[in-house]
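Good morning, colleagues. Please take a moment with the sequence and the structure on the screen, and then I shall walk through several regions in turn.

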Amino acid sequence: MKRILVWFLAETDAVVALGIAIVAGVLGLLDVTTTKLADNTILLTLAVLSLAVLRDRWRGMNAEHGLTTALNEVSGRLGDLSAMRTTLLQSERALREIAAVGLLTGPREVARAHEEAREQTGRWVFKGGTGTYIRAVTLPECVRLARRDRRALTVRLEILDPTDLDACERYAVFRRSMAELTDATGETWTCDRTREEAYATVLAACWHKKRYDLLDVQIGLTSTMTTFRYDMADNRLIITQDDPRMPALMIPRESFLYASFHTELDRSLAQAKKVPLELSSTVGFGDEPTPEEVRGLFDALHLPLTLPDDHIPRIIQKAIHARNPYP
């Protein structure tokens, strides 16, 4: 009964119109109505029906507005969920990248990481100070392994410009302030030593190129001192400091950081002053270059060797028989 009452109240206008029509029809059948009364009844019925139609349209408009509002709210919530999902995916990727970066603690781990990186690489990119470790270990070992496998080797080096006295002095002051008076080579860092080491790296590159024709080497000279050393092989990037006892980072090739650093090192080298090493082919020197041959080489490379003659034997020694500074 309650449901019928609710329905009746909700559809009052339709019930009233139906009732008027029934009453008018019965009166017409009994022939007790007049034409005027019938016309008025019809108009009244139409009026009631019009009200019913307007009510239904109003209800439809309200329902449509409500549905549109609900859909907009749902769409906004879906957008929030999509943004949250994107944030979660980015966070997950960042965590994976952080987990992939290895922390190397101690000289042994650093040396082992370099050894594994050299084993199968066809490319080595370096950015650092004077390239002492490159000259003593990395370059000769990479050339030896490439010769063993009869494959090409690409080397890109960015080191301090030995002709920039201010940059070399800044580097020497930094090295002295961060370490003891002498390092593992038994030498003290001075401006002249910094210049000798940089010149020796250029000489070593030319010396190895003479002995292994599949070696493609480029050197860029910079006046900007860096406190880090970047060694990039085909499968990893190793970032170290001047003290091998300090923690180092190892970034695998799969990491987006590897690609980012690759771009950084490439652009940095592109802005450095190029050493035209291809001109070294015009200069001949033996297994143990003489001071005259060394001066002739640097003249051919348009890289003035402004150190006194008594420095040249040390440059040759550092280039051909370099000592590992991090034994």
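I begin with Asp 161, which sits in the loop between S3 and helix H6, the latter spanning residues 165-178. Please bear in mind throughout that this is a predicted model. Is Asp 161 buried or exposed? Its relative accessibility is 7%, and because buried means under 20%, Asp 161 counts as buried. Which side chain does the side chain of Asp 161 meet in a polar contact? The partner is the side chain of Lys 273, at 2.8 Å. Setting aside residues up to four places away in sequence, Asp 161 touches Cys 168, Leu 221, Thr 222, Lys 273 and Leu 303.

Let me now step back to the chain as a whole. The protein chain has 327 residues, of which 39% count as buried. Its secondary structure comes to 10 helices and 8 strands. Among contacts with a separation of 6 or more, 71% are accounted for by residues 24 or more positions apart.

I turn next to the nonpolar interior. In soluble globular proteins, nonpolar side chains tend to be buried together. Here, the largest nonpolar core holds 49 residues, and the members that touch the most others are Val 202, Leu 203, Ile 219, Leu 277, Phe 298 and Leu 301. Several elements supply at least two residues each, including helices H4 (107-120), H5 (132-149) and H7 (191-211), along with strands S2 (123-127), S3 (153-160) and S4 (215-222). Helices H9 (291-300) and H10 (312-320) also each supply at least two. Which element gives the largest share? That is H7, with 9 residues. Leu 301 deserves a closer look: beyond its neighbours within four places in sequence, Leu 301 is in contact with Val 202, Cys 206, Val 275, Pro 276, Leu 277, Leu 279 and Ser 280. Apart from the largest core lies another, of 8 residues, among them Val 125, Tyr 230, Met 232 and Ile 251.

Now to helix packing. Two packed helices are described by the angle between their axes and the distance between the axes. For H4 and H5, the angle is about 35 degrees and the axes are 8 Å apart. H4 passes H5 in a right-handed crossing. On the H4 side, the contact is made by His 114, Arg 118, Glu 119 and Gln 120. H5 contributes Tyr 133, Val 137, Thr 138, Glu 141, Cys 142, Leu 145, Arg 148 and Asp 149. By class, this contact of H4 with H5 has 4 nonpolar, 3 polar and 5 charged residues.

Two backbone positions also call for comment. Most residues other than glycine have a negative phi. Arg 150, although not a glycine, has a positive phi of about 55 degrees. Arg 150 lies in the loop between H5 and S3, and counts as exposed because its relative accessibility is 74%. His 302 likewise has a positive phi, near 55 degrees. The place of His 302 is in the loop between H9 and H10, and this residue is exposed, with a relative accessible area of 64%.

My last residue is Leu 257, found in helix H8, residues 256-271. At 26% relative accessibility, Leu 257 counts as partly exposed. How far apart are the C-alpha atoms of Leu 257 and Val 101? They are separated by 9.0 Å, while the two residues are 156 residues apart along the chain. Thank you.

Conventions: Residues are numbered from 1 along each chain as its sequence is written. This is a predicted model: local features need pLDDT of at least 70, side-chain atom pairs count only at pLDDT 80 or more; totals for chains, interfaces and linings use all residues. Side-chain values use heavy atoms; hydrogens and water are left out. A nonpolar core is a set of buried Ala, Val, Leu, Ile, Met, Phe, Trp, Tyr and Cys residues joined through side-chain atoms within 4.5 Å. Buried means under 20% relative accessible area, exposed over 50%, partly exposed in between (1.4 Å probe, protein chains only). Helices (H or I, at least four residues) and strands (E, at least two) are DSSP runs, numbered from the N terminus. Contact means heavy atoms within 4.5 Å. A polar contact is a pair of N or O atoms within 3.5 Å; within protein, one must be able to donate a hydrogen and the other to accept it, and residues adjacent in sequence count only if both atoms are side-chain atoms. Axes are lines fitted to C-alpha atoms, for helices over the stretch in contact, and angles run from 0 to 180 degrees between N-to-C directions. A crossing is left-handed if the near helix is turned anticlockwise from the far one by less than a right angle, and right-handed if clockwise. Ala, Val, Leu, Ile, Met, Phe, Trp, Tyr, Cys and Pro count as nonpolar, Asp, Glu, Lys and Arg as charged, and the others, Gly among them, as polar.
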